[in-house]
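Trainee: Could you take me through one part of this model in detail? I'd like to stay with a single spot and then see how the rest fits around that spot.

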Amino acid sequence: METGNKVIIESRQGEALVTEGGKPDGKKLFIESYGCQMNFSDSEIVASILLDQGFSTTGDFNEADVIFVNTCAIREGAEQRVRKRLTEFKNAKKKNPDLVVGVLGCMAERLKAKFLEEEKLVDIVVGPDAYRDLPNLIGRAEEGHKAVNVILSKEETYADITPVRLDSNGVTAFISIMRGCDNMCSFCVVPFTRGRERSRDPESIVSEARDLFEKGYREVTLLGQNVDSYLWAGGGLKKEILTDEQRAQAVNFAQLLEKVALVNPLLRVRFSTSHPKDMTDDVLHTMAKYENICKYIHLPVQSGNSDVLERMNRGYSREWYMERINTIRRIMPEAGISTDIMTGFCGETEAEHRDSVSLMEWGEYDFAYMFAYSERPKTQAERQFEDDIPEELKKKRLQEIIEIQQESSMKKTKAMVGKVHRVLVERTSKKDENKWMGRNTQNMVLVFPKGELKPGDYVDVLATTCTATTLIGEIVR
Ligand code: 5AD
Ligand code: SF4
């Protein structure tokens, strides 16, 4: 799944996010999110829906009345981790029999029979399009019934819900601009767990960005599985049935990006994730035109070999992808670029793997998320191909790719030393409480003395030295 930044995904850093906030009275919600940024953003919608019902949130599950785990299904490992966590929560139920435990998100559909009926691990199972039904489902669970809603919608975008910003630094926030995915990459479970692609009304997106800016936020990340296919032609109008005229009048991603950039020059705009087959030059020119649109693109490649890409149903070849990267570098020579890549997809030969190796060397990415292929239920790959690459070989190939990327990250980071970077101050550095951390436009992390600065300020920082992924610097002004 492209998210995600990407996040993405069973927690990319392998960490769960526990979120806190809200009113001190009423029932208490504990929510833990795994996976992509979209899932974290969904947890903020869930919290908003429940805060409206008088709930408050807590970071201690022992004092919660309702525990939710927002799950990710992208790779198999994520499932095991969630099961373990749910077992811990089930034990907490022994102490507090009124406690309601629910599983939300991408695993909901697949695991409803298992978790709810067979293993009785949870009381509620709710899919990503059914969060408005939560107050009702919690009520049912409290009456002792099993409560399930995993219906996927073609329309739901939660456009009217103002997310509660959880675990927030007050400076950076996510805005979900679309939901679902229509791409059907053969390895990917997302189209099955998150349903059809639908775009959100641009006015609601712009007003959310404006509202965040007025509250002191200085950076928004526009989220979607495939932001380049964003298209808004008016409520209820599906992309597939648009007339040429309607299509010409519709708001596309480049136009949306511009609208958000115009909210205020002091509001930085990022987005994730782009798809190589859909990323237009228009988007790149819009990025180049506005200083506050960050010069950073996450462009997942998945494989460096055209035959593998075909089996993956990605809709582009190695050459097409390379042309897209060349175009990014031509239009924005300073842009940071990252990617996602997978090793050991069905039938991947040594020669095909070598193409991924050479592409990674050629791409010189600033950053990459790298995975061993993991077969997912219902996907085209599961139905059509054999998962025939032994686990050790997948891992060996992955290690080779990781080593190339480490070198590339080091090279990119070192090249930034000795230069002055415009940084948005985000929060105290985790390693040194006398320092701030922030990012430059290329999404590179900088750590520097606090001086008179506060989160939300912009500052010029001279990078004096670095680790593999962090620049260490001094304030210039
Ligand atoms: N196995 C391994 N990695 C996967 N991804 C998506 N599906 C799978 C899978 N079945 C990766 C892709 C995607 C990222 C978010 O997760 O690289 O871009
Ligand atoms: Fe991304 Fe493809 Fe999955 Fe859609 S189907 S979320 S484009 S990997």
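Which residue in E15 does Glu219 stand opposite?

Mentor: Keep in mind that this is a predicted model. Your residue, Glu219, stands opposite Arg268 in E15. Let's build outwards from that pair. Strand E12 covers residues 219-223, and five bridges join it to E15, with the two strands running parallel. Now zoom out a little: E12 belongs to an open sheet of three strands, in the order E9-E12-E15, and the pairing is parallel. Strand E9 (172-176) and strand E15 (268-272) are at the edges with a single partner strand each, so each has one side without a neighbour in the sheet. From one strand to the next, the twist averages 25°.

What lies across that sheet? Helix H1, residues 37-51, lies across E9, E12 and E15, and its direction is at about 90° to E9.

It helps to set this against the domain division. The chain is split into domain 1 (6-149), domain 2 (172-416) and domain 3 (420-475). As for spacing, the C-alpha centres of domain 1 and domain 3 are 35 Å apart.

Next, follow the chain to helix H14, residues 391-416. Its 26 residues reach 37 Å from first C-alpha to last, close to the 38 Å expected at 1.5 Å a residue. Its buried residues include Leu398, Ile401, Ile404, Gln405 and Ser408, and Lys394 and Arg397 are on that list too. Here's a bit of background for the spacing: an α-helix has 3.6 residues a turn, so residues three or four places apart point the same way. As for what covers the buried residues of H14, the list includes strand E17 (336-343), helix H12 (350-363) and strand E18 (367-372). Strand E19 (420-428), strand E22 (458-466) and strand E23 (470-475) are also part of that cover. Just after H14, Gly418 takes a positive phi of about 90°.

One last check, on the cysteines. With a cut-off of 2.5 Å between sulfur atoms, the count of disulfides comes to zero. Take Cys72: the closest cysteine sulfur to its own is in Cys106, 6.2 Å away, which is too far for a bond. Cys72 is buried, at a relative accessible area of 6%. Cys466 is buried as well, with a relative accessible area of 18%, because the cut-off for buried is under 20%.

Methods. Residues are numbered from 1 along each chain as its sequence is written. Chains are lettered from A and ligands numbered from 1 in the order in which they are written. This is a predicted model: local features need pLDDT of at least 70, side-chain atom pairs count only at pLDDT 80 or more; totals for chains, interfaces and linings use all residues. Side-chain values use heavy atoms; hydrogens and water are left out. Two strands pair if DSSP finds at least two bridges between them. Helices (H or I, at least four residues) and strands (E, at least two) are DSSP runs, numbered from the N terminus. Axes are lines fitted to C-alpha atoms, for helices over the stretch in contact, and angles run from 0 to 180 degrees between N-to-C directions. Contact means heavy atoms within 4.5 Å. Buried means under 20% relative accessible area, exposed over 50%, partly exposed in between (1.4 Å probe, protein chains only). Domain bounds come from an automatic or database domain assignment. The expected span of a helix is 1.5 Å times one less than its number of residues.
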